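The following paragraphs lead through an assembly of protein chains, beginning with one interface and ending with an annotated region. Please keep the sequence and the model in view while reading.

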Protein chains: 4
Amino acid sequence: MAPRTPPDSTRRRERSRVAILTATRELITEVGYARLTIEAIAARAGVGKQTIYRWWSSKGAVVFDSLLALSESPDGGGIALPDTGDVEADLKAVMRATAAEFSDPAFEAPIRALNTEIINDPDLAAAYREKMDKPMRAAKAERLRSAQRAGQLAADADVDLIIDVLYAPFTQRWLLRSGPLDDEFVDALVDTVLRAFRPDRG
Amino acid sequence: MAPRTPPDSTRRRERSRVAILTATRELITEVGYARLTIEAIAARAGVGKQTIYRWWSSKGAVVFDSLLALSESPDGGGIALPDTGDVEADLKAVMRATAAEFSDPAFEAPIRALNTEIINDPDLAAAYREKMDKPMRAAKAERLRSAQRAGQLAADADVDLIIDVLYAPFTQRWLLRSGPLDDEFVDALVDTVLRAFRPDRG
Amino acid sequence: MAPRTPPDSTRRRERSRVAILTATRELITEVGYARLTIEAIAARAGVGKQTIYRWWSSKGAVVFDSLLALSESPDGGGIALPDTGDVEADLKAVMRATAAEFSDPAFEAPIRALNTEIINDPDLAAAYREKMDKPMRAAKAERLRSAQRAGQLAADADVDLIIDVLYAPFTQRWLLRSGPLDDEFVDALVDTVLRAFRPDRG
Amino acid sequence: MAPRTPPDSTRRRERSRVAILTATRELITEVGYARLTIEAIAARAGVGKQTIYRWWSSKGAVVFDSLLALSESPDGGGIALPDTGDVEADLKAVMRATAAEFSDPAFEAPIRALNTEIINDPDLAAAYREKMDKPMRAAKAERLRSAQRAGQLAADADVDLIIDVLYAPFTQRWLLRSGPLDDEFVDALVDTVLRAFRPDRG
DNA sequence: GCCTAAGCGAGACGGTACGTCAGGTCTTGCA
DNA sequence: TGCAAGACCTGACGTACCGTCTCGCTTAGGC
């Protein structure tokens with residue numbers, strides 16, 4: 001889960017914190033999550049093991065924080081999906097871009113690591129939903145609500161459900177490697193959703 | 001992945017094989033996947049560690065086989081979804097039943113364990129798709145094709161896509177604990193799919 | 001051979017060191033050298049196996065050190081043979097005492113263990129000569145030189161040779177169990193030596 | 001110790017017996033006694049492990065037999081030391097030759113192995129004395145008795161004691177590597193013995 | 001000359017111990 | 001006095017061998 005309450009956070013050495021998170025990210029990509037060890041992180045970061053245990057409660061917590069640092073936009077602002085007015089085109093474009101990202105080996109290892117932790121640790125799962133999923137979901141929801149206002153989606157459609165139906169099959173296929181995340185698949189998902197939630201032909 | 005190529009499987013002691021798989025299943029439910037060790041399995045099964053390493057290549061492979069043994073129907077026959085003629089009712093019933101199963105603590109730990117392994121081990125993932133996912137998918141596909149013949153689903157609908165859209169959000173919600181698998185959610189998924197793939201109106 | 005070059009011996013826990021050596025001595029007498037295991041030593045000493053491997057390079061090295069601790073005189077001083085002025089009587093008395101020691105089961109097992117290791121490990125043999133044999137030999141040599149000064153042994157006799165001729169048959173008979181270490185045997189050895197190295201008659 | 005009582009020695013396969021003893025000798029020279037394993041012997045000899053356990057009771061017994069085969073003179077006859085009439089010269093020559101043999105690496109490993117076993121196994125020690133030491137000792141004794149008859153050694157000298165005093169320091173120096181088995185050392189031993197046991201100057 | 005029980009090769013098996021790796025805690029000494 | 005360094009106890013790893021136990025297959029001996 002997320003960081004322990006620190007004993008006295010004013011004394012915390014920022015330099016060490018950053019070194020630990022950086023080392024963690026590097027090691028995940030290099031050796032994979034299964035072979036990631038606290039000792040290796042400490043060694044790479046030039047830090048005593050105790051310093052890690054002092055601030056994080058588990059390996060999963062360190063991994064989570066290290067990836068959180070990655071996902072947070074540096075300027076502190078929120079994220080937004082493109083909005084050209086054409087929801088179909090926008091969704092397809094965004095999902096194709098995401099598919100491309102997922103093919104990047106540098107992303108693959110960390111994301112699988114994160115999922116491994118989240119599946120088995122409810123606290124971490126909660127932290128994930130709050131810190132990582134919520135902002136992403138908010139951005140997607142915003143774009144969908146815009147589509148509703150534009151009459152491209154039924155006004156009473158459950159936006160969260162749409163996001164689930166759109167992204168869960170996508171993520172699952174990638175995690176289980178049950179098929180390619182190609183354009184055909186992405187398009188089929190978007191088409192399905194648009195058909196299911198098209199506005200009434202009042 | 002699944003079993004190593006055995007040195008000479010005719011000499012294999014069936015009694016040990018079963019004891020190992022049983023012990024594995026018991027231990028997963030008792031201590032959880034993360035704390036499952038080969039040593040504990042061997043001890044519980046009354047077996048030398050080498051006997052495990054001789055026939056399985058990794059902890060994941062043992063876990064996989066132990067769950068495979070569970071999922072296989074004892075009579076060797078295939079599985080089939082109920083078919084009352086009403087696809088909506090049937091799908092909702094089946095998914096509600098699955099939701100109930102997933103709430104059973106005896107299932108929860110093993111299935112999470114399995115997913116943890118599969119995400120990180122491509123070979124295991126392939127074995128999973130072949131041995132566990134494929135038969136389930138076939139049963140679901142059969143029911144959906146029956147619905148197509150009955151004119152309840154578009155004849156040209158991609159059955160695999162339907163299954164993905166139906167089950168991926170369901171599984172993901174359970175894995176990430178992002179919400180309850182209640183009737184409302186299940187019904188919403190089925191409704192979405194039926195709307196998206198309803199047959200053309202003449 | 002004897003201790004590894006220690007990583008940083010100032011950090012070493014003296015309590016563990018002593019516990020290991022004590023446990024080793026106890027176990028040798030209890031189960032014999034052949035059945036002595038590092039795991040048992042660690043368990044008996046209440047110590048991690050790694051702590052043994054960190055400071056000793058082999059089972060033989062531990063055994064050696066454990067016996068070395070025994071043989072070292074607690075006051076740190078040297079050893080000396082009795083000197084009554086009668087070399088024949090003194091040598092016979094000392095060797096009879098040694099014979100008695102060798103019959104003590106508490107000495108038997110460790111000394112056989114030590115010899116087993118030394119025969120097969122040149123490094124250990126060197127350590128043995130330096131740390132255990134040399135001090136004993138010095139004491140014996142001193143007594144013999146005293147006899148030379150007293151005119152009881154030839155002044156030009158090779159003291160080292162005398163020690164070999166005196167003790168090697170004694171040790172060999174005990175190791176190979178080819179006969180009893182009785183007074184008769186001891187006396188015969190001393191007599192032989194005194195005859196071979198008696199001073200020239202004017 | 002020596003062979004078990006065989007279940008039915010007529011059925012015994014001579015080919016396997018020889019292969020086992022040969023493999024044992026080879027492996028001792030190659031990897032040393034400590035790393036010699038029954039499994040390796042069986043593999044090298046192309047023999048099932050059971051065949052070894054059927055005929056020998058311990059690793060030591062196999063090693064012993066394999067070396068016994070070496071030491072036995074092929075013609076079944078006894079051994080004899082040279083007798084030129086000059087006991088001093090003969091003894092020095094024989095011991096120098098033995099010293100040379102002991103320097104041969106092909107002899108070194110097996111002899112050390114044998115000693116290792118004998119020190120710790122009383123049964124094996126008895127077998128050693130009976131089968132290997134006794135014949136050698138008989139030959140030496142014979143030569144010494146000849147010297148007594150020739151008036152070169154005291155008639156009442158204890159021949160066994162002479163052999164001990166002559167050979168024990170020699171063997172010990174080699175086993176413990178406490179010095180070279182050079183001519184000087186050998187000559188000193190022989191001189192010592194001849195001085196100690198010279199006939200009375202009637 | 002066939003039959004049959006043994007010895008045999010092979011190697012799986014339940015175990016024990018190996019030597020190593022990492023976990024999480026505790027201690028030391030430098031900065 | 002906070003932290004790097006790392007020793008420590010613990011426990012699991014995956015491997016090597018142990019000695020026992022089937023398996024089929026020769027293979028010699030008694031019929």
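How many residue pairs are in polar contact across the interface of chain D and chain C? The rule finds 12 such pairs, both residues being at pLDDT 80 or more; a polar contact is a pair of N or O atoms within 3.5 Å, where within protein one must be able to donate a hydrogen and the other to accept it, and residues adjacent in sequence count only if both atoms are side-chain atoms. The count of salt bridges between chain D and chain C is zero, a salt bridge being a side-chain nitrogen of Lys or Arg within 4 Å of a carboxyl oxygen of Asp or Glu.

The model is predicted: local features need pLDDT of at least 70, side-chain atom pairs count only at pLDDT 80 or more, and totals for chains, interfaces and linings use all residues. Residues are numbered from 1 along each chain as its sequence is written, chains are lettered from A and ligands numbered from 1 in the order in which they are written, and side-chain values use heavy atoms, with hydrogens and water left out.

Chain D and chain C each give 31 residues to their contact (heavy atoms within 4.5 Å). About 2800 Å² is buried between them, 61% of it on carbon and sulfur atoms; buried area is the accessible area (1.4 Å probe) that two parts lose on being put together, summed over both. On the side of chain D, the greatest losses fall on Ile119(D), Leu176(D) and Arg177(D), together 23% of what that side buries.

Four helices of chain D, H6 (105–120), H7 (122–149), H8 (159–176) and H9 (183–196), each supply at least two residues of the side that touches chain C; helices are DSSP runs (H or I, at least four residues) and strands likewise (E, at least two), numbered from the N terminus. H8(D) gives the most, with 10 residues.

How are these two chains related in space? A turn of 179 degrees with a shift of 0.1 Å along the axis lays chain D on chain C with an RMSD of 0.2 Å, by least squares on the C-alpha atoms of residues with pLDDT of at least 70 in both. Ala196(D) comes closest to that axis among the residues of chain D, at 1.9 Å (C-alpha). Because 100% of the interface residues of chain D are also interface residues in chain C, the copies meet through the same surface.

For chain B and chain A, a rotation of 180 degrees with 0.1 Å of shift along its axis gives an RMSD of 0.2 Å.
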